[in-house]
Amino acid sequence: MNISEQVAFVTGANRGFGRHLALELLSRGAKVYAAARNPESVDIPGAIPVRLDITNPQEVSEAAEVAKDVTILINNAGSSTGASLLDGDLNQIHLEMNTHFFGTLSMVRSFAPILANNGGGAILNILSALSWVSTGTIGAFSSAKSAEWALTNDLRISLHPQNIRVAGLHVGYMETDMTTGVNAPKSNPAEIAKIAIDGIASGSYEIIADDTSRKIKNALTGGVAAIYPHFA
Ligand SMILES: NC(=O)c1ccc[n+]([C@@H]2O[C@H](COP(=O)([O-])OP(=O)(O)OC[C@H]3O[C@@H](n4cnc5c(N)ncnc54)[C@H](OP(=O)(O)O)[C@@H]3O)[C@@H](O)[C@H]2O)c1
């Protein structure tokens, strides 16, 4: 896929990783819709701001009405409440599922017909290394990212006949607002954005963007003990 000929729609594009994705797409010549809950917070020269809360069905429909020429949808918008499954606030656990799973699903249901109408295209869901493992502390996020991974696998099959490639990107920690309180090595989101757009351009179905994700993926074949040594 030649990125310079594409029209991309990025959710959560006002800051963090989404902003870097939008900048990377623009630098490669794509037309870019930069969606944000507050479109006035989008400061990306050349991008078209769109009002969008992905958990608001009315706003999802309105976004699909204004962006009928889209050929790449990037579901990036995400939240991390830090809620644990056992004793975290249930509202926060619902919020994580509503955002990562139901919000992403709502976007795909509204935009897949647009992509199909434009001859097919690509959908990239921003997943996580935590789609595959849990830390025991932020169970709501891991569960929502696992659900979004399952959604990605299912929709890849369903949308293949319409010439829509559905991909997932797995990454460990990146240096964004989401990880302000995390004291661990973090990737540069601008570098990960390059890897993401390279992956779309080359037609990858699964983009493993860093060593953390690569190591975890490889360890999965070793069973529970390979991922969680204290259960050996
Ligand atoms: N940072 C990491 O280490 C990391 C690792 C793996 C995966 N990820 C994933 O990468 C994606 C981007 O995260 P980030 O690190 O850039 O986080 P971030 O800096 O906290 O930015 C989150 C973005 O998502 C938007 N957003 C949240 N809920 C939304 C909703 N309901 N509707 C529309 N937009 C919404 C935010 O908008 P507002 O400005 O309005 O709040 C913001 O633009 C997420 O899917 C996250 O799960 C991040």
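**Exercise 1. Which residue forms a salt bridge with D177, and how far apart are the closest N and O atoms?**

*Solution.* Keep in mind that this is a predicted model.

Step 1: Start at the side chain of D177 and look for its partner, which is R15; the closest N and O atoms are 2.8 Å apart.

Step 2: Place both residues on the chain. D177 sits in the loop between β6 (164–170) and α5 (189–202), while R15 belongs to the loop between β1 (7–10) and α1 (16–27), so this pair ties together parts that are 162 residues apart in sequence.

Step 3: Check the surroundings of R15. Its relative accessibility is 48%, so R15 counts as partly exposed. R15 is also among the closest residues to the ligand, together with N14, R37, M174 and T176.

**Exercise 2. Find the salt bridge between D198 and R28, and say which parts of the chain the pair links.**

*Solution.*

Step 1: The side chains of D198 and R28 meet at 2.8 Å, N to O, in a salt bridge.

Step 2: D198 is in helix α5 and R28 in the loop between α1 and β2 (31–36), so the pair links distant parts of the chain, 170 residues apart.

Step 3: Are these two residues buried, exposed or partly exposed? D198 has 41% relative accessibility and therefore counts as partly exposed. R28, at 25%, is partly exposed as well.

Step 4: Widen the view. A network of salt bridges links D198 and R28 with E24 and K194. For the whole model, the count of salt bridges is eleven.

**Exercise 3. Work out how K145 is placed with respect to E148 and to the ligand.**

*Solution.*

Step 1: K145 and E148 form a salt bridge, with 3.0 Å between the closest N and O atoms.

Step 2: Both lie in helix α4 (residues 139–159); they are three residues apart, which means a separation of about one helical turn.

Step 3: Both E148 and K145 are buried.

Step 4: Now turn to the ligand. A polar side-chain atom of K145 is 3.0 Å from one of the ligand's oxygen atoms.

Step 5: Compare the kind of atom used by two other residues. For N76, a backbone N or O atom lies 2.7 Å from an oxygen atom of the ligand. For M174, again a backbone N or O atom lies 2.7 Å from a ligand oxygen. In total, 27 residues surround the ligand.

**Exercise 4. Describe strand β4: which residues cover its faces, and which strands does it join?**

*Solution.*

Step 1: Sort the residues of β4 (residues 72–75) by side. I72 and I74 are on one side, L73 and N75 on the other, and all are buried, leaving both faces covered.

Step 2: Look at β1. It runs parallel to β4, and three bridges join the two; F9 stands opposite L73.

Step 3: Look at β5 (residues 121–126). Four bridges join β4 to β5, and these strands also run parallel. The bridge partner of I74 in β5 is L124.

Step 4: Follow the chain from β4 to β5. The path goes through helix α3 (residues 90–117), and this β-α-β crossover is right-handed.

**Exercise 5. Where is S187 found, and which residues is it in contact with?**

*Solution.*

Step 1: S187 is in the loop between β6 and α5.

Step 2: With 17% relative accessibility, S187 falls under the 20% cut-off and therefore counts as buried.

Step 3: Set aside neighbours within four places in sequence. The contacts of S187 are then Y173, M174, E175, I192 and D210. One of these, M174, is also among the closest residues to the ligand.

Methods:
Residues numbered from 1 in each chain as written. Predicted model: local features only at pLDDT ≥ 70, side-chain atom pairs only at ≥ 80, totals over all residues. Heavy atoms only, no water. Salt bridge = Lys/Arg side-chain N within 4 Å of Asp/Glu carboxyl O. Buried < 20%, exposed > 50% of the residue type's maximum accessible area, 1.4 Å probe, protein only. Contact = heavy atoms within 4.5 Å. Pairing = 2+ DSSP bridges. Right-handed = clockwise from strand over helix to strand, strands pointing away. Near = heavy atom within 4 Å. Polar contact = N/O pair within 3.5 Å; in protein donor to acceptor, adjacent residues only side chain to side chain.
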